[in-house]
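Me: I'd like a close look at a single part of this one, the empty space on the inside. Here's the model.

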Amino acid sequence: MGDDVMRSVHVARSIPRIALSRATRPWLPSVAYGRLGPVGDRAADDRDLPGPGWVLVRNLQSGICASDLAVLRAEVDPRVTIAALPGRDRTYLGHEVVGEVLAAGAGTGLEPGERVVLDTRFQGPTCRSTETGSLCRACAAGNPMLCENPDRFPAELGVGGGWSERILCHASEVYRVPPELDDDQAMLVEPFSLGMRAALKALPGPGERCLVVGGGMAGLSIVQTVRLLSPDAHITVVARHPAQAALAEGLGADRVERRLDPARLAEPSRMFRGPLGSYFVMGGFDVVFDCVGSGPTLTTSLRLARASATVVLVGIRFAPVKADLSPVWHQEVRLAGVLAHGWERAGEEDAHTYDLVCRHLVKGDLSTDGFITDRFPLAEWRRAVARADARADGVIRVVLDTTRG
């Protein structure tokens, strides 16, 4: 295994290369993929299993997430907090992935041929994956995404991501999927889990009004999760594109708007207008899910929330945003964040987000119909990225099929 080289799309953690890529992108975007750029696709060597707790996975297919595109475009601003975290020399792209176990250590409980999906910390190791001693509070509570020991990683042992032919990772970073799920359903377990976790963060009650800003993967998965878990809640969705709007309606949205228009969305609440475009909404939404995460969408989300309501920030931005936070103190609006998946409290049950999503997918309570809009072989990942970037027609999820081409 040691001398084989596999295709694996990655971004080097090199400030000069990233800076050059960002500076030349407006007029020469191909620099990012050249010898001087940070992006590569043939520099991952297979390695033997480092120990009994490790597993080698052959990828079947992987989605292209907006966070993947942001890393690929080097949009991480060094002023954000996560830029201070220690990390690997390169970031392997792709976390929405289903694969087949090729080899597994004796301590994993996994067998060759079993299908798994990734369950990894965002851009870093965890107490469990490093096997370096006691667990931090987050890992002990079943939330490795929030691990407090990102500096424990002794060496770069893991290789590959979803945009790779194979992944070498610790067994704690994969999750065995039920055989009843097909590959498309299995691949969407990870992004659907974001919707499940967000909904459980602030689930609206019967008759309460919730607003979902954004009609992409995150927003649509929240719509159907809220409809499933709180069938009597009223759901309003802001979806820019016709296909997204139609899917939102099919998933149970009560009202769909094509624009983030505060005046229309505020109805039937009372709205007061002030100088320089300011406004104040009295009696707005009980819960707001911001699945875009920009300064303007966060400002609007906070202003459209009623007093003591909750705004859940779901959309990821790797740069500081400018937003009006006055509703947080003036109306005691709670601002909560959500990252991926972990241990959840769902009604009277405690369970991992993946367990909840898989169960509802098997039962048919959650649907994946219409979410996957394009497919490309892994060798054509640049075309796939261009397609995912061109969201003029509302593409929801582009998939890289590692078994083709």
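How do the residues of the lining of the largest cavity divide into nonpolar, polar and charged?

Reply: Bear in mind that this is a predicted model. The lining of the largest cavity splits into nine nonpolar residues, two polar and no charged.

Let's start with the space itself. Rolling a probe the size of a water molecule over the atoms shows where empty space is left. The count comes to one cavity of 30 Å³ or more, and the largest cavity holds about 50 Å³ of space.

Now for the walls. Lining the largest cavity are Val57, Asn59, Val97, Val98, Gly99, Val116, Val117, Leu118, Ile167, Cys169 and Val174. Four elements give two or more residues each to that lining: β5 (54-63), β7 (97-104), β8 (115-118) and β9 (166-170).

For contrast, take an open site. The second largest pocket has about 230 Å³ of space. Its lining is made up of 14 residues, and those nearest the centre are Asp119, Arg128, Pro144, Ser172 and His352. By class, five residues in this pocket's lining are nonpolar, five are polar and four are charged, whereas the lining of the largest cavity has no charged residue.

Packing is the other side of the story. The largest nonpolar core has 51 residues, and Phe289, Val314 and Phe371 touch the most other members. The elements that supply two or more residues to this core are α5 (183-187), α6 (189-201), β11 (209-213), α7 (217-229), β12 (234-238), α8 (242-250), β16 (285-290) and α12 (353-363). Of these, α6 gives the largest share, seven residues.

Zooming in on one of those hubs, Phe371 touches Leu188, Phe192, Met217, Leu220, Ser221, Gln224, Leu247, Leu251, Ile396 and Arg397, leaving aside residues up to four places away in sequence. There's also a second, separate core of 21 residues, with Leu69, Ala384, Ala388 and Val395 among them.

One last stop, a little sheet. Three strands make an open sheet in the order β3-β2-β6, with antiparallel pairing. At its edges stand β3 (39-40) and β6 (90-92), each with a single partner strand, so one side of each has no neighbour in the sheet. Strand β2 (residues 10-12) pairs with β3 in the antiparallel sense over two bridges, and Val11 sits opposite Val39 in β3.

So, back to your question: the cavity's lining is nine nonpolar and two polar residues, with no charged ones.

Key:
Residues are numbered from 1 along each chain as its sequence is written. This is a predicted model: local features need pLDDT of at least 70, side-chain atom pairs count only at pLDDT 80 or more; totals for chains, interfaces and linings use all residues. Side-chain values use heavy atoms; hydrogens and water are left out. A nonpolar core is a set of buried Ala, Val, Leu, Ile, Met, Phe, Trp, Tyr and Cys residues joined through side-chain atoms within 4.5 Å. Buried means under 20% relative accessible area, exposed over 50%, partly exposed in between (1.4 Å probe, protein chains only). Contact means heavy atoms within 4.5 Å. On a 1 Å grid over the protein atoms alone, a cavity is a set of points where a 1.4 Å probe fits but cannot get out, and a pocket is an open set with protein on both sides within 12 Å along at least five of seven lines; lining residues have an atom within 4 Å of a point. Grid points are joined across faces, edges and corners, and a volume is the space filled by probe spheres set on the points. Ala, Val, Leu, Ile, Met, Phe, Trp, Tyr, Cys and Pro count as nonpolar, Asp, Glu, Lys and Arg as charged, and the others, Gly among them, as polar. Two strands pair if DSSP finds at least two bridges between them.
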